[in-house]
Structures are given as C-alpha cells and as structure tokens.
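This report goes through a single protein chain, from selected residues to the chain as a whole. Please keep the sequence and the structure in view while reading.

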Amino acid sequence: MALRSTRKPDGGSIHPVDELLPPVKLVSTGLQHVAAMYAGVVAPPLIVGAGVGLSPTELALLISASLFTAGLATLLQTLGLWRIGAKLPFVNGVSFAGVAPMLAIAKEHGPKTALPVIFGAVIVAGVLCLLAAPYFSRLIRFFPPVVQGTVITLIGVSLLPVAVNWARGGAPTAPGFGSVRAVGLAAFTLVAVVLCNRLLRGFWQQLALLVGLALGTLLAFPLGLADFGAVRDAEVFALPSPFHFGAPMFDAGAIASFCIVMVVSMTESTADMLALGRIVEREADERVLTAGLRADGLATALSPVFNGFACSAFAQNIGLVALTRIRSRYVVAAGGGILILLGLFPVLGSLVSLVPQPVLGGAGIVLFGTVAASGIRTLAEAGMESGGNTILVSVSLGVGIIPIAAPDFYNAFPETVRTLMHSGISAGCVTAVLLNLLFHHVGAARRSPTGTAPSSTVPTATPS
C-alpha cells in the first residue's frame, strides 16, 4: 500500500516518517504508544525492586525513574542527536532481558549494594554498545528478507504469550486471575478494538486502540477489576535524584553478565529496526542501524544516573505503527515526552496504570498479532520456493518457539547460554543468521543465484 506524503514548501515531498501531525493528533496517538508500552516499562523495576527489598516509597521512585529514562531514550531515538538515533517511530524502554541477571546480582550482593553494582554494570554495558554500534550494524548483510521475515514473525509470536498472560490478569496473585471476568474483559476489549478499527473512520479509526482501552477500563470498574487506590497513594511531583541508591560500583562478574545482555539487546534492537523499516517503507540500512544502536548505548549508559536500567527497543509498539498506519516519528516522540511527564508526575503515571491487565491483554492480542502478520507478509516476498529458505524459516521458528513453549528448557545450561536462548527473538534470530550463512554464503551456495539473491536485496551504507 502506498504511503501518503505531504508537500514541502519548495514542492518536494515529505516522507510520512518525517511528517509533523497537528497537536491534538500528535498527543492522542502518542498516548496510544504509552498505553501499549506502559506495562512493559514498569514490570522490570517492580520485579527488581521486590528482589532487592525496596520499601514502597523507594519502589515508586524506581518506577518513576524507569518511565523518565524511557522517555529520554525514546526522544533520543526518534529525534536524534548528531549521528545518534535511528529517527524512526521507534520506542525505547527498560530491557526485560536484564531482569534475570539483576535478580542474580541482588541475590549475590545483598540489598544494600545490589543496585549500585547493577548500575555500574549497566553503565559499562551501555558504553560497550555505543562503541560497538558501527561494527555490529555491518551484520545487516546477513539479514536478507527471509531472515527479516522470520525474525519479525518471531517478534509477534514471542509477544503473544505476554498478551495471553495479561488477559488472565497479569500475575497469579492478581485479584480474579484467570477468572471468567478477567478473560471476558480481555475478549470485550479485543472485540472493541476490532470493531472500532472496522467501523470508525479517519482520525478516530487511528485511535481504535485507545478507544478500546478506554471502553475496557470503564467496564472493569463494575466488574471489580480496577480501582483508584494507586491514584490516591501517588505523589504529585518527584524530581529524579541522581544516584539516589548510591554511587555505581563496578563488579567484574556483574559487568560480564550485562555485556552479554547488551549483545542480546543489540540483536533484538537490530531485528526491531529492520522490522519497523519495512513497515514504514524506509529501510533501515547500516547508517540507520548504527545510529539506532548508538542511541541504545548512550541511553543505557546515562540511565543509571537517574536510577534507571538498560534501555532497548520495545517491539509491541511496532504492531501499533502497523495497526494505525501512522508512521510519523514525531508521534512516538510525543509519547516519549508523555513518559517523561509520567516520571516527573507519578500521579499521572498512576492514571495510566488504571488500565487493568486483562484490558491490555485484549488489545495486545491485536497488536502482537499484527507484528506476526507483518513478518508473514515479508516471508511471502522472500522467495520461499528455495528449499534452503524453507529449512531456514522452519528451523529458526522452531528454535525461537522453544523458550515460549517451555520457559525452563535451558535451565540446566550455563548462564551465558540461558541469557541468549531464553528470548525466543534472539534465539531465532541467531539461528536464522547462521542458517543463512550456511545456505547462502558458504561454499557452492555462495556462487549460486539463489544464494546471492536474498543478500543483495538488503540496503547497505557506509557506517557513520
């Protein structure tokens, strides 16, 4: 489908990615991105804060810090600074890949020094990402359409179990978890989003997700699945206090584990940028990937100053871009600004948190399914008549689904293997890249037309 372009004053065209929308549309569609990612941003600090043994007040501060730093990282990624930032509608937030290592650090170092050790490791990992970005982005030639389509499909498939868990209530300890009320509320929200997308027109159709979330939240109150307790207890204003939990401490073991986490995050961010580039029809070449990974690295290195964690791409928002067909990076930048406000004004963040998990689950099924559908569409264009491509896709999808179907599958393996393979996205991505090397870059395959064709379709540029 052709994208709509506006005209520059000099008669040229503006790509929809660079289109600045009217203020009302900018803020409302930006709020949709915040609603889609909010649960993902606050989950890591909630888990880590509980593992460290923080008080409710300190936990609230950690959540506010995660929102604040996610907003800064998103602004850096969308608006850019010099050669930093992909300048795509790309949302950044707290990486969930770091949760397990952070809990391990908390167990090893105890509650008093855990966060300073974590922050020291995150700073070093962020600097590593910043310096390695130009070299890591050269791997794009190993991401032809068949690999891109496989990874995009896995992104959607990997996120769908998250939506299903939200639909049940989010956690076994949540009131009404797995009840008919919770699942029914998720189903109502899903139907509301679908009907709004089908029946509404123009601007309101683009707000189908937000309307569905609002309707689902309103229904949640009489069902007893939502309350205003979080709003009553929230502070009105909280300015980030640099290194509130202590100056960073640098532990070799913690740094090594987080460097591995950062490599995994870079792999996922690369896959996400390639996916988003295809959806908005502005291909992510080497230059874009380098700038995007630099933004990940800089945001991660600066995040601990404000008591935040490692930052990376949020794949769920890619589905929202595909669903709404709004490609403007300024919409996501507006979402970044809203995240900063939520971090500075916890009472505003508590309003967003009123949306119950089942409501998010119903909307998430639509969002994440849209990502998977985009991957299937990419695979349809990738030349699946090749036997090698068929094996590449089938094996990569199978390996990627292992940690989804059996989360404890790699529990007996060393921590390095667990960190890499626990994410279906990274596991499937690495498998797809290796099989692409085997079938299209090694020996006779390298000289055959079917071996060279896929790689030649990937755009490249001199790294910045």
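Is Gly428 buried or exposed? Gly428 has a relative accessible area of 0% and is therefore buried, the cut-off for that class being under 20%. The model is a predicted one, and the values below are computed from it.

**Gly428 and its surroundings**

Gly428 is part of helix α17, which covers residues 424–440. When neighbours within four places in sequence are set aside, the contacts of Gly428 are Leu154, Ser396 and Gly400. Asn307 stands 121 residues from Gly428 in sequence, and the two C-alpha atoms are 32 Å apart.

**Residues with positive phi**

Most residues other than glycine have a negative phi. Asn307 has a positive phi of about 70° and is not a glycine. Its place is the loop between α10 and β4, the latter being residues 311–313. With 1% relative accessibility, Asn307 counts as buried.

Glu281 is a further non-glycine residue with a positive phi, here near 60°. Glu281 sits in the loop that joins α9 (252–280) and α10 (286–302). Its relative accessible area of 43% makes Glu281 partly exposed, since that class lies between 20% and 50%.

Arg325, just after α11, also takes a positive phi, of about 65°. Helix α11 itself runs over residues 316–324, and 9 of its 9 residues are buried, so the helix is largely enclosed by the rest of the structure. Among the buried residues of α11 are Gln316, Asn317 and Thr324, along with Ile318, Leu320 and Val321.

**An exposed position**

Lys112 belongs to helix α3, residues 99–136. The relative accessible area of Lys112 is 78%, and Lys112 is therefore exposed, the cut-off being over 50%. Lys112 and Phe245 are separated by 133 residues in sequence, yet their C-alpha atoms are 8.7 Å apart.

The relative accessible areas of four of the residues discussed are listed here.

| Residue | Relative accessible area | Class |
|---|---|---|
| Gly428 | 0% | buried |
| Asn307 | 1% | buried |
| Glu281 | 43% | partly exposed |
| Lys112 | 78% | exposed |

**Packing of α1 and α12**

Two packed helices are described by the angle between their axes and the distance between the axes. For helix α1 (residues 23–52) and helix α12 (residues 329–344), the axes come within 7 Å and cross at roughly 65°. The crossing of α1 and α12 is right-handed. On the α1 side, the contact includes Leu26, Val27, Gly30, Val34, Met37 and Tyr38. On the α12 side, the contributing residues include Tyr330, Val331, Ala334, Ile338 and Leu342. Sorted by class, the contact of α1 with α12 has 13 nonpolar and 4 polar residues, and no charged ones.

**The chain as a whole**

The chain contains 19 helices and 4 strands. Its radius of gyration is 21 Å, close to the 23 Å that the globule rule gives for 464 residues, so the chain is as compact as a globular protein of that length. Along the principal axes, the C-alpha atoms fill a box of roughly 65 × 55 × 50 Å.

Of the 464 residues in the chain, 55% are buried. The exposed area of the chain is about 19,000 Å², with carbon and sulfur atoms supplying 68% of it. Among contacts between residues at least 6 apart in sequence, 81% join residues at least 24 apart.

Key
Residues are numbered from 1 along each chain as its sequence is written. This is a predicted model: local features need pLDDT of at least 70, side-chain atom pairs count only at pLDDT 80 or more; totals for chains, interfaces and linings use all residues. Side-chain values use heavy atoms; hydrogens and water are left out. Axes are lines fitted to C-alpha atoms, for helices over the stretch in contact, and angles run from 0 to 180 degrees between N-to-C directions. Helices (H or I, at least four residues) and strands (E, at least two) are DSSP runs, numbered from the N terminus. A crossing is left-handed if the near helix is turned anticlockwise from the far one by less than a right angle, and right-handed if clockwise. Contact means heavy atoms within 4.5 Å. Ala, Val, Leu, Ile, Met, Phe, Trp, Tyr, Cys and Pro count as nonpolar, Asp, Glu, Lys and Arg as charged, and the others, Gly among them, as polar. The radius of gyration is taken over C-alpha atoms; the globule rule is 2.2 Å times the number of residues to the power 0.38. Buried means under 20% relative accessible area, exposed over 50%, partly exposed in between (1.4 Å probe, protein chains only). Accessible areas come from the Shrake-Rupley method with a 1.4 Å probe; for residues, only the protein chains shown count as cover.
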